[in-house]
Amino acid sequence: MDFCGPYDKQVANTYRVTQITPLWGGWEFRQNPALSTGTAGWLALAKTYDWELSAPVRRDLISGDWAIVITDTSQIIRYVNNQFERMTGYKNHEATGRRPDFLQGVKTDPSSRQRIRKAIDQQKIVDERILNYRKDQTAYWCHIIIRPIVNRQKQVVNFVAFEQEIESNDRYSHQ
């Protein structure tokens with residue numbers, strides 16, 4: 001039987017294009033997994049980047065006492081937890097893919113921003129108070145501790161920010 005009519009040629013040409021078109025899934029998606037806001041989210045990042053966590057950092061990640069923001073080395077947010085969503089009003093999908101400075105505004109102290117940037121550039125721990133803004137644009141004081149996270153090869157692969165709302169710029173407690 002010969003299937004070489006015009007209809008058969010059109011079908012063959014249509015399917016030939018789809019057969020040689022590459023799939024849109026590949027290695028590039030493994031580096032930026034879609035993460036949930038629960039513990040499974042940061043655990044997926046830990047596995048992807050082969051984190052080596054100290055006991056205190058692991059305890060703080062698990063505790064639920066902190067709003068948590070995890071960025072890559074370019075300061076792009078890869079994960080936020082539920083506490084962050086409650087504190088800022090921004091949902092996970094609204095924060096991921098952005099830089100944390102979207103929370104800052106006109107009254108945020110430039111010297112605080114500069115100290116944070118300098119410490120991150122030097123891959124050092126940050127312990128700072130900063131004025132941030134919620135999604136509804138109300139201001140709040142935030143105590144922030146940012147720690148570099150290293151992999152098993154001792155390379156900085158992420159930064160984790162532990163954040164708590166505080167009453168004012170002058171009073172806050174270290175935990």
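Where does E128 sit? In this predicted model, E128 is found in strand β4, residues 126-133. From there, here's a quick tour of a buried acid and its partner, the other salt bridges, helix α2 and the nonpolar cores.

**E128 and its partner**

- E128 counts as buried because its relative accessibility is 11%, under the 20% cut-off for that label.
- The side chain of E128 isn't left without company: it makes a polar contact with the side chain of R115, at 2.7 Å.
- That pairing also qualifies as a salt bridge between R115 and E128, with N to O at 2.7 Å.
- The bridge ties together distant parts of the chain, with R115 in helix α6 (residues 110-121) and E128 in strand β4, 13 residues apart.
- R115 counts as partly exposed, because its relative accessibility is 42%, whereas E128 is buried at 11%.
- Setting aside residues up to four places away in sequence, E128 touches S112, R115, I116, C142, H143 and I144.

**Other salt bridges**

- The model has seven salt bridges by the rule used here.
- As general background, side chains of opposite charge can pair when their charged atoms come close.
- One of the bridges joins R78 to D72, and their closest N and O atoms are 3.0 Å apart.
- D72 has a relative accessibility of 11%, so this acid counts as buried.
- D121 and R117 form another bridge, with 3.2 Å between the closest N and O atoms.
- Both D121 and R117 lie in helix α6, four residues apart, or about one turn of the helix.
- The general geometry fits: an α-helix has 3.6 residues a turn, so residues three or four places apart point the same way.
- D121 counts as exposed, because its relative accessibility is 54%, while R117 is partly exposed at 39%.

**Helix α2**

- Which residues of α2 are buried? In this helix, spanning residues 39-49, they are G41, W42, L45, A46 and Y49.
- Looking down the axis of α2, those buried residues fall within an arc of 135 degrees, so they line one face of the helix.
- On the face turned away from the buried side, α2 carries the exposed residues A40 and K47.
- The cover over the buried residues of α2 includes β1 (51-52), α3 (55-63) and β2 (67-72), along with β3 (77-80), β5 (139-151) and β6 (156-166).
- Right after α2 comes D50, which has a positive phi, near 60 degrees.

**Nonpolar cores**

- The largest nonpolar core has 22 residues, and F84, F102, I116 and I146 touch the most other members.
- At least two residues of this core come from each of β2, β3, α4 (82-88), α6, β4, β5 and β6.
- β5 supplies the largest share of this core, four residues.
- What surrounds F84? Leaving out neighbours within four places in sequence, F84 is in contact with A67, I68, V69, G89, Y90, A95, F102, L103 and E163.
- I116, one of the core residues that touch the most other members, also turns up among the contacts of E128.
- There's a second, separate core of 17 residues, and its members include L61, I149, V160 and F162.
- More generally, nonpolar side chains tend to be buried together in soluble globular proteins.

Conventions:
Residues numbered from 1 in each chain as written. Predicted model: local features only at pLDDT ≥ 70, side-chain atom pairs only at ≥ 80, totals over all residues. Heavy atoms only, no water. Buried < 20%, exposed > 50% of the residue type's maximum accessible area, 1.4 Å probe, protein only. Arc of directions from axis to C-beta. Contact = heavy atoms within 4.5 Å. Polar contact = N/O pair within 3.5 Å; in protein donor to acceptor, adjacent residues only side chain to side chain. Salt bridge = Lys/Arg side-chain N within 4 Å of Asp/Glu carboxyl O. Core = buried A, V, L, I, M, F, W, Y, C linked by side-chain atoms within 4.5 Å.
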